[in-house]
Every structure is written in C-alpha cells, then in structure tokens.
Amino acid sequence: MFVAVGSTNKAKVEAVKEALRIIGMKAEVKAVKVDPEIPPQPVCNQTFVGAKTRAYKALRHTHADIGIGIEGGVFYYENRMLAYAVVYAASKKGIENFAFSASFPLPPSMTSLLVEGKELGEVTDIIFSTKESKQSEGAIGYLTKMHITRKDLYVQPVVIALYPFYNNVD
C-alpha cells in the first residue's frame with residue numbers, strides 16, 4: 001500500500017503515520033507539497049475544499065493507492081471563531097471519504113489577529129512567542145498546554161476518513 005499526504009507539514013504527516021499504525025494498515029507514506037488552491041487561512045467551506053484538493057493532487061502527483069489531504073481552518077459559531085481541520089481520503093479506485101476534527105474556540109487575542117488577515121500558525125507564534133508552531137504543537141497544543149497537539153487533533157479524523165479502506169462496509 002502506498003499513501004501520499006498532500007503536505008510536507010510534519011504534524012500532518014506524523015498524524016497519518018500514527019493513524020495507519022492504529023488501524024494496522026501497512027503502508028509506505030510519502031509527503032508531497034501541493035497547492036490547495038485556497039487562501040493561506042481557510043475559512044468555513046474553504047477548509048473542506050483545501051483538504052479535498054490536497055488529497056486528489058497527492059494521488060495524481062504520486063500515483064499512490066490513497067491520497068490524504070488535511071486542511072486546518074476556522075469558522076464562526078455563536079459569535080466565536082473556532083479552529084478545526086478536515087481530512088479527506090481518496091483512492092485511485094474512486095473511493096473517497098472525509099472527516100472533521102474536534103473544533104475549539106479561539107481566544108479574542110488570537111481572533112483579532114486572524115481578522116487582521118494573519119494565518120493561525122503565525123498568530124500562535126506571535127501570541128506564544130514561538131516559531132513554526134504549525135509544524136508541531138499548533139494552536140491547540142499551546143492552548144491546551146500540550147495535552148493535545150496538532151498531530152493528536154488530526155489522528156482521529158484520519159482514522160475516520162480511512163475507514164472505507166480498511167473496513168469492508170457498504
């Protein structure tokens with residue numbers, strides 16, 4: 001089995017590897033840089049579109065058995081901005097599925113910088129005085145004092161998005 005991840009982001013690639021380990025799917029995993037064709041900070045449905053685009057581009061660029069796209073984004077609910085991710089899985093056989101991660105409200109200090117046009121990773125680095133947080137801990141890591149990292153947040157939706165590939169259910 002050959003699985004391509006439509007990103008070279010360490011947190012995303014490690015989440016896919018961990019999910020594959022959990023479900024017992026033996027696979028070679030390749031990270032491939034692709035353009036998701038959405039803004040750097042996806043909002044609402046752009047997050048879904050980005051994940052799907054990443055999955056299909058990874059599939060096409062590598063001729064993998066399965067392409068996986070993971071896209072983090074934000075949306076508004078009850079006058080709050082929340083962050084979440086979409087995971088999209090697609091196969092060369094035409095099977096596809098998707099899942100959403102848990103969502104979490106962002107504090108006003110982060111929301112105000114996002115509204116100014118900054119990306120969540122950049123905002124996290126500013127607020128928490130760190131660098132390249134989106135490659136590892138992510139906003140969720142810093143907000144939860146590392147009880148849940150960005151990789152952790154992505155593992156469950158990867159497992160869910162992949163169920164048609166390891167559980168023979170119509």
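**Helix H2, the cores and the aromatic rings**

Author: The residue just after helix H2, His 63, takes a positive phi of about 60°. The model is predicted, with pLDDT of at least 70 required for local features and 80 or more for side-chain atom pairs, while totals for chains, interfaces and linings use all residues. Residues are numbered from 1 along each chain as its sequence is written, and side-chain values use heavy atoms, with hydrogens and water left out.

Reader: How do you know that the span of helix H2 agrees with its number of residues?

Author: Helix H2 (a DSSP run of H or I with at least four residues; a strand is a run of E with at least two, and both are numbered from the N terminus) holds 18 residues, 45-62. The expected span is 1.5 Å times one less than the number of residues, which gives 26 Å here, and the end C-alpha atoms are 26 Å apart, so the two agree.

Reader: What covers the buried residues of H2?

Author: The cover includes strands S1 (2-5), S2 (28-31), S3 (66-77), S4 (80-91) and S5 (96-100), together with helix H1 (10-23). Among the buried residues of H2 are Phe 48, Ala 51 and Arg 54.

Reader: Why is Tyr 84 called buried, and Phe 75 partly exposed?

Author: Buried means under 20% relative accessible area, exposed over 50%, and partly exposed in between (1.4 Å probe, protein chains only). Tyr 84 has 11% and is therefore buried; Phe 75 has 21% and is therefore partly exposed.

Reader: What makes the pair of Phe 75 and Tyr 84 edge-to-face?

Author: Rings of Phe, Tyr and Trp (its six-membered ring) pair if their centres lie within 6.5 Å; planes under 30 degrees apart count as stacked, over 60 as edge-to-face and the rest as tilted. Here the centres are 5.0 Å apart and the planes stand at 90°, so the pair is edge-to-face. Phe 75 and Tyr 84 also belong to one aromatic cluster, which includes Phe 48 and Tyr 88.

Reader: Why is Lys 12 said to have no salt bridge?

Author: A salt bridge needs a side-chain nitrogen of Lys or Arg within 4 Å of a carboxyl oxygen of Asp or Glu. For Lys 12, which is buried, the nearest side chain of opposite charge (Lys and Arg count as positive, Asp and Glu as negative; His and the chain ends are not counted) is Glu 71, 4.6 Å away. Lys 12 lies in helix H1.

How values were computed
Contact = heavy atoms within 4.5 Å.
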